[in-house]
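I opened the notebook on a new model today. My plan was to look up the charged side chains, then the loops, then the surface.

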Amino acid sequence: MLAFIVRILTVIAALWFVQWVIRMLSGRGRQRPAPGRPGQAGGPAQRMVKDPVCGMYMDPRLAVRLDRREGDLFFCSEACREKYRERADA
């Protein structure tokens, strides 16, 4: 009985290996998407932004934003945004 189970497992492993080789040769193997690629559903965030005050990295969709002519700035909190404004005004 044990020999029969070993034979079945060997056949299953061989079939899996043949399928894997065919997929790799045809270019349809497991391809990992590049991180931060736009339009990826369920993937990593498109890009991370850095708070200029405390240095924290975050998803721009969750950040507090400050619109400027030079470009948008992103902050982790209202407090960091206010600290930045105070430094810029001084």
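How many salt bridges does the structure hold? I looked this up before anything else. The structure holds six salt bridges. I kept in mind that this is a predicted model.

**Entry: the fold**

I then listed the elements. I found two helices and four strands in the chain. Read from the N terminus, their order is α-β-β-β-β-α. The chain has 90 residues, and 16% of them count as buried. I also looked up the contacts with a separation of 6 or more. Residues 24 or more positions apart account for 19% of these.

**Entry: salt bridges around Arg65**

I started with Arg65. Its side chain meets that of Asp72 in a salt bridge, 2.2 Å from N to O. I asked what else belongs with this pair. Arg65, Asp67 and Asp72 are linked in a network of salt bridges. I noted the accessibility of two members. Arg65 counts as partly exposed because its relative accessibility is 44%. Asp72 has 33% relative accessibility, so Asp72 counts as partly exposed too. As a general note, side chains of opposite charge can pair when their charged atoms come close.

**Entry: salt bridges in helix H2**

I moved on to helix H2, which covers residues 78-89. Here I noted two pairs.

- Glu78 and Arg81 meet through their side chains in a salt bridge of 2.6 Å, N to O. Both residues lie in H2, three residues apart, which is about one turn of the helix.
- Arg85 forms a salt bridge with Glu82, and their closest N and O atoms are 3.4 Å apart. This pair is separated by about one helical turn because Arg85 and Glu82 are three residues apart in helix H2.

Which of these residues are buried, and which are partly exposed? I checked each one. Arg81 has a relative accessible area of 15%, so Arg81 is buried. Its partner Glu78 counts as partly exposed, at 42%. Arg85 is partly exposed, with a relative accessible area of 34%. Glu82 is partly exposed, with a relative accessible area of 34%.

**Entry: Asp51, a buried acid without a salt bridge**

I wanted to see an acidic residue outside the salt bridges. Asp51 sits in the loop between strand S1 (49-50) and S2. Asp51 is buried yet has no salt bridge. How far away is the nearest side chain of opposite charge? It belongs to Arg87 and is 7.6 Å away. A salt bridge needs a nitrogen-to-oxygen distance within 4 Å, so I set Arg87 aside as a partner.

I then asked what the side chain of Asp51 does reach. It comes to 3.4 Å from the backbone nitrogen of Cys54. I also listed what Asp51 touches, leaving out residues up to four places away in sequence. The list is Met56, Met58, Phe74, Phe75, Cys76, Ser77 and Cys80.

**Entry: Gly55 in the S1-S2 loop**

I stayed in the loop between S1 and S2, where Gly55 also has its place. Gly55 has a relative accessible area of 27%, which means it is partly exposed. I looked up its separation from Cys76. The two are 21 residues apart in sequence, and their C-alpha atoms are 9.0 Å apart in space.

**Entry: Asp59 in the S2-S3 loop**

Next I went to the loop between strand S2 (57-58) and strand S3 (64-66), where Asp59 is found. Is Asp59 buried or exposed? Asp59 counts as buried because its relative accessibility is 14%. Its side chain is joined to that of Arg61 by a polar contact of 2.6 Å.

**Entry: the surface**

I closed with the surface. The accessible surface of the chain comes to about 7,800 Å². Carbon and sulfur atoms hold 59% of that area. Which residues make the nonpolar surface patch of about 650 Å²? I wrote down Met1, Phe4, Ile5, Ile8, Leu9 and Ile12. Met1 lies in the segment before helix H1 (2-26). At 76% relative accessibility, Met1 is over the 50% limit and therefore counts as exposed.

Methods:
Residues are numbered from 1 along each chain as its sequence is written. This is a predicted model: local features need pLDDT of at least 70, side-chain atom pairs count only at pLDDT 80 or more; totals for chains, interfaces and linings use all residues. Side-chain values use heavy atoms; hydrogens and water are left out. Buried means under 20% relative accessible area, exposed over 50%, partly exposed in between (1.4 Å probe, protein chains only). Contact means heavy atoms within 4.5 Å. Accessible areas come from the Shrake-Rupley method with a 1.4 Å probe; for residues, only the protein chains shown count as cover. A polar contact is a pair of N or O atoms within 3.5 Å; within protein, one must be able to donate a hydrogen and the other to accept it, and residues adjacent in sequence count only if both atoms are side-chain atoms. Lys and Arg count as positive and Asp and Glu as negative; His and the chain ends are not counted. Patches are made of residues with over 30% relative accessible area and no salt bridge: like charges are joined within 9 Å, nonpolar side chains (Val, Leu, Ile, Met, Phe, Trp, Tyr) within 5 Å.
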